[in-house]
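Here is a friendly walk through a protein model for someone meeting it for the first time. Have a look at the picture, then read on.

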Amino acid sequence: MRKAADAAEEASNSRAFEIAARSGFAVSGLLHVLIGVIAARLAFGSSGEADVSGAIAELAAQPFGPLLLWVCFAACAALALWQLSNAIFGHRNQSHPKLSKRLSEAGQAAVFAFVAVTIMSFVVGQARNSRQSSSDLTATLMQSPWGVAFLIAAGAGVMITGIVFAVRGFTRSFKKDLVLSPHEGPRKFQVAVGTVGYVAKGFALLLVGLLVVIATVTARPEQSTGLDGSLKALKEQPYGPYLLAAVAAGLIAYGLFLMVKAKTMRT
C-alpha cells in the first residue's frame, strides 16, 4: 500500500500531469467566458442557459464539437484528480498544508469532477436541463429526513463561498496564487481580471445560495434553479438588465483570469 501511495504521489507531481491539470483551468476559463457571453445576451433580450450546461452546449454546437468535448472532459478530469492529489499529498513545495487548504483542494476537486461528468453527459447524449435538475434535486431532498436542514446548510455554504470569493477579489489575495508578470501591462491585466472576476463570481454564487435557501424555507423547490435561474431572476429586478450585464462582464473577466492562471499559477 505504501508503494502504491508513493507511486500515486510521484505521478501527481509529474510535469505531464501538471500540464494536463493546467489545461483544466483553461477549459474552466473558456466555460466561464461562454456563460458570461450567454448572460450578456440574456441582458439584451436574447435566450439561452447561462450556466455550465449552456456553455457546454455552445461548445458541442461548434465544428468538431464532439472532439472539443472529449478534450475538455480529459482536461477537467485531470484537474479534478490533480486537486484531489493536492488535498491528499500536498503540493510539491508544501507537503504538509493546513487542513483548510486540504478541504479547499478537495472542494475544488469535486467541482471539476462535476464539470467533467456534465461534459461526459453531453458526449453520450444524456444531457439534462440543469435548471430543471436543480429544482428536481431540491424537491427530492425536501421530502427526505433532514433534507430541509441539509438544503439550508448547503445554500448557506454556497452563500459563504460567494462572500469568500468577493473578499478575495476586493483584497486581491488571489495574487499569491499567481506568478505575476514583471511587466506592468500584463501584470495590471492579471490583477484586473482577477479582481473583477472574483467579485462577480462571488455575487453569482451568493445569488445561487440565496435561491436555494428561499426555495427551501418557502417549500417552493421550483425556485431553486441554479446559476441560470439566479441570473434570470436578477434580470427581473429594478435595473436588472444593467446588473445582469455587469455580472456577465465579470464572469467573462473571471474566465480570462482562469486562463491566465492556467499559464501563471504557482505550483
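Let's start with a group of rings: Phe-165, Phe-174, Tyr-198, Tyr-254 and Phe-257 form one aromatic cluster. Rings of Phe, Tyr and Trp (its six-membered ring) count as a pair if their centres lie within 6.5 Å, with planes under 30 degrees apart called stacked, over 60 edge-to-face and the rest tilted. By that rule the structure holds 9 aromatic pairs.

Before going further, a word on what you're looking at. This is a predicted model, where local features need pLDDT of at least 70, side-chain atom pairs count only at pLDDT 80 or more, and totals for chains, interfaces and linings use all residues. Residues are numbered from 1 along each chain as its sequence is written, and side-chain values use heavy atoms, leaving out hydrogens and water.

**Back to the rings**

Tyr-198 and Tyr-254 make an edge-to-face pair, because their ring centres are 5.4 Å apart and their planes sit at 85°. This pair links distant parts of the chain, with Tyr-198 in helix H8 and Tyr-254 in helix H10 (residues 240-264), 56 residues apart. Helices here are DSSP runs (H or I, at least four residues), strands are runs of E (at least two), and both are numbered from the N terminus.

Are these two tyrosines buried or exposed? Tyr-198 is buried, with a relative accessible area of 4%, and Tyr-254 is buried too, at 7%. Buried means under 20% relative accessible area, exposed means over 50%, and partly exposed is in between (1.4 Å probe, protein chains only).

Tyr-198 also pairs with Phe-257: the ring centres are 5.3 Å apart and the planes are at 70°, so this pair is edge-to-face. Here again distant parts of the chain are linked, Tyr-198 in H8 and Phe-257 in H10, 59 residues apart. Phe-257 counts as buried, at 1% relative accessibility.

**The overall build**

The protein chain has 10 helices and 0 strands. Of its 267 residues, 42% are buried.

H2 (residues 15-43) has 29 residues and reaches 42 Å from its first C-alpha to its last, close to the 42 Å expected at 1.5 Å a residue. H8 has 34 residues that should span 50 Å at that rate, and its end C-alpha atoms are 49 Å apart, which agrees. The expected span is 1.5 Å times one less than the number of residues in the helix.

Which residues have the most contacts inside the largest nonpolar core? They are Leu-31, Ala-50, Ile-119 and Leu-231, in a core of 26 residues. H2, H3, H4, helix H5 (99-123), H9 and H10 each supply at least two residues of this core, and the largest share, 8 residues, comes from H2. A nonpolar core is a set of buried Ala, Val, Leu, Ile, Met, Phe, Trp, Tyr and Cys residues joined through side-chain atoms within 4.5 Å.

H2 also has a part in a nonpolar surface patch, since Leu-30 lies in this helix. The patch covers about 290 Å² and is made by Leu-30, Phe-189, Leu-256 and Met-259. Leu-30 is partly exposed, with a relative accessible area of 31%. Patches are made of residues with over 30% relative accessible area and no salt bridge; like charges are joined within 9 Å, and nonpolar side chains (Val, Leu, Ile, Met, Phe, Trp, Tyr) within 5 Å. The areas come from the Shrake-Rupley method with a 1.4 Å probe, and for residues only the protein chains shown count as cover. A salt bridge is a side-chain nitrogen of Lys or Arg within 4 Å of a carboxyl oxygen of Asp or Glu.

**Loops and turns**

Some residues take a positive phi, listed here with their places.

| Residue | Phi | Place |
|---|---|---|
| Phe-64 | about 60° | loop between H3 (52-60) and H4 (65-89) |
| Trp-146 | about 65° | loop between H6 (130-142) and H7 (147-171) |
| Gly-45 | about 95° | just after H2 |
| Ala-219 | near 55° | after H8 |

Neither Phe-64 nor Trp-146 is a glycine. Phe-64 is exposed, with a relative accessible area of 66%, and Trp-146 is exposed at 75%.

Thr-225 sits in the loop between H8 (184-217) and H9 (226-235), yet it counts as buried, at 5% relative accessibility. Thr-225 and Asp-136 are 89 residues apart in sequence and 9.3 Å apart in space, C-alpha to C-alpha.
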